[in-house]
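Welcome! Here is a friendly tour of some charged side-chain pairs, with the sequence and model shown just below.

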Amino acid sequence: MPRFCNACGTRNEDDAAFCDDCGAPLRRPTAAPAPAPAPATAPAPAAPPIAAQTRSARRVPRAALWGGVGAVGLALVVGLGAWAWTALRHGPPNAAEQQAVAERWLQGQQDRLLRGTCLSNFPYRQSTVSVAGWNSDTKAWLDALVAGGVYQANGNDAYGNWLYAHGPEAQRHIRRGQLCLANAVKLSQTALKSPSAQEQALLDRVPDGRRFAQITVTYAWDTLPAFATQPPVADEWPSAMKNTTAEVLLFRDDERGWREATASDERRLNEQVAALDAPARGNTQAQAGGGFDLGAWFSRLFSFGSGPDRVAEQFMRSVAEGNVEAAVAHLHPAQRSQATDAKIGMAIAMKTQERGTTAPSIDRIETEVERQTEESATVRVVVHYANGRNDRDRMQLRRHDGHWYVWMN
C-alpha cells in the first residue's frame with residue numbers, strides 16, 4: 001500500500017522509511033490491537049524478510065544525494081579556479097598587462113624620446129637671424145617655420161639680407177637651442193615576442209627564465225604641427241623620429257606582477273646564465289662543432305630590436321659596475337677575442353682606479369643618438385654617479401644580424 005509524506009505529500013513505496021523527495025521520516029499507520037491469543041496455541045511471529053529490513057535503511061534521501069553532488073561540484077569549481085588563476089598569474093603577460101607596462105615605460109622614456117625629434121641644423125638659440133639673399137635653401141627652411149609660427153619674417157635689411165625673429169611658437173618648439181618637432185608621445189600598440197621552441201627550451205633551464213618576457217612597443221608622435229609633416233622639414237626628420245618601435249624587457253614580480261625589468265633583474269639573469277654557460281657551451285660544441293655561446297645568445301635574446309642608445313647604456317653600465325662578461329656580450333662579434341676581454345678588463349680596472357678603490361654607485365645614465373643609419377650609429381653617453389662625478393663618452397655602434405653592438409675603435 002503506497003505511503004504519502006505528511007511534510008510534502010509525495011507518494012512513496014509502502015516499505016520506505018524516508019520521503020524520496022524531501023527526506024522526511026515516514027510514520028507507519030497504527031494497527032488495531034489484536035485479541036490476546038491463547039497461551040498454548042499462539043504461534044511465534046515470523047521475522048520479516050531481510051530485504052524488507054534493509055531496503056529502507058539503505059535508501060539515501062534525494063536531498064542528501066544532491067547535497068553531496070553539490071559539494072563535489074563546488075570543490076571541482078574551486079580547484080579549477082585555483083588552477084586557472086595560477087596559470088594566468090604565471091603565464092606570459094596578457095594584453096592589459098602589456099599595455100600597462102608600455103604606458104609606464106613611455107612615461108619614463110618620454111623626455112628621451114622627445115629629444116630624438118630635435119634638430120640642430122641651424123642656430124635656433126638666436127632670437128633674431130639674417131639670411132643672405134642668395135641662400136635660398138635656408139630661406140625656404142625658415143619660411144616653412146614662419147608658416148608654423150616658430151619664426152616671423154621681418155623683411156630685408158639695407159644689404160638685401162632676409163631678417164627673421166622668433167615667433168609665438170618658438171618657446172614651444174625651440175628647446176636647448178634645438179628645433180624640436182614633437183611635444184608628446186602616445187602608445188599605439190604592443191605585441192608579445194614569443195621565443196622559438198629552441199629558445200624556450202633554453203629559457204626553461206634558467207631558474208628565472210619564465211619570469212622574463214619581451215614586448216614590442218609601437219608609439220606615435222602626438223599632435224605634430226603641420227609644418228613638421230610637410231617638406232622641407234619632413235624630409236629632415238631625425239632617424240630616431242622615424243623609428244617608433246622599441247623592445248621592452250619585462251619581469252614578473254611575485255607581488256607587483258609584470259613590470260619593466262631593472263638592471264638588477266638583468267644582472268641576476270646574467271648570473272644564472274653564467275652558471276649554465278660552461279657546460280652548455282661544451283655540450284653544444286660537442287654536438288654542433290663549437291661556436292655557441294649561451295651568454296651571448298641570451299644577450300641577443302633580450303636585446304634584439306633594442307636601439308643603439310639602449311645597447312650603449314647597457315654596455316656602459318656593465319663597464320661602470322666592473323662586469324667584464326656582460327660588457328663583452330655587447331661587443332660586435334667580429335671584435336670578440338681573448339685580447340678584447342683583456343682590453344676591457346684593463347679599461348675597467350683603470351676606471352676603477354681613477355674613481356678610487358670603491359666604485360661609487362650609479363645614479364643614472366643618459367644617452368642620446370647623435371647620428372644613425374641603417375648599419376651604424378653614434379651615441380653620446382653620460383654616466384652620473386651618486387658622488388656627483390660624471391663620465392662622458394661618445395660611442396660607435398654597428399648593426400650585425402639585426403642587432404646593435406658596440407664597435408671599439
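## What counts as a salt bridge

A salt bridge here is a side-chain nitrogen of Lys or Arg within 4 Å of a carboxyl oxygen of Asp or Glu. By that rule, the structure holds 15 salt bridges.

This is a predicted model, in which local features need pLDDT of at least 70 and side-chain atom pairs count only at pLDDT 80 or more, while totals for chains, interfaces and linings use all residues. Residues are numbered from 1 along each chain as its sequence is written, and side-chain values use heavy atoms, leaving out hydrogens and water.

## Arg252 with Asp254, and Arg211 with Asp208

Asp254 pairs with Arg252 in a salt bridge whose closest N and O atoms are 4.0 Å apart. To describe their surroundings, buried means under 20% relative accessible area, exposed over 50%, and partly exposed in between (1.4 Å probe, protein chains only). Arg252 is buried at 10%, whereas Asp254 is partly exposed at 43%.

Another salt bridge links the side chains of Arg211 and Asp208, at 3.5 Å from N to O. Asp208 is buried, with 12% relative accessibility.

## A pair between two strands

Glu368 and Arg380 also meet through their side chains, in a salt bridge of 2.8 Å, N to O. Strands (E) are DSSP runs of at least two residues, numbered from the N terminus. Glu368 lies in strand E13 (residues 362–372) and Arg380 in strand E14 (residues 376–385), so their salt bridge ties together parts twelve residues apart in sequence.

Glu368 is partly exposed at 21% relative accessible area, and Arg380 is partly exposed at 26%.

## A shared network

Finally, Asp208, Arg211, Arg252 and Asp254 are joined into one network by salt bridges that share partners.

Note on methods. Helix = DSSP H or I, 4+ residues; strand = E, 2+ residues; numbered from the N terminus.
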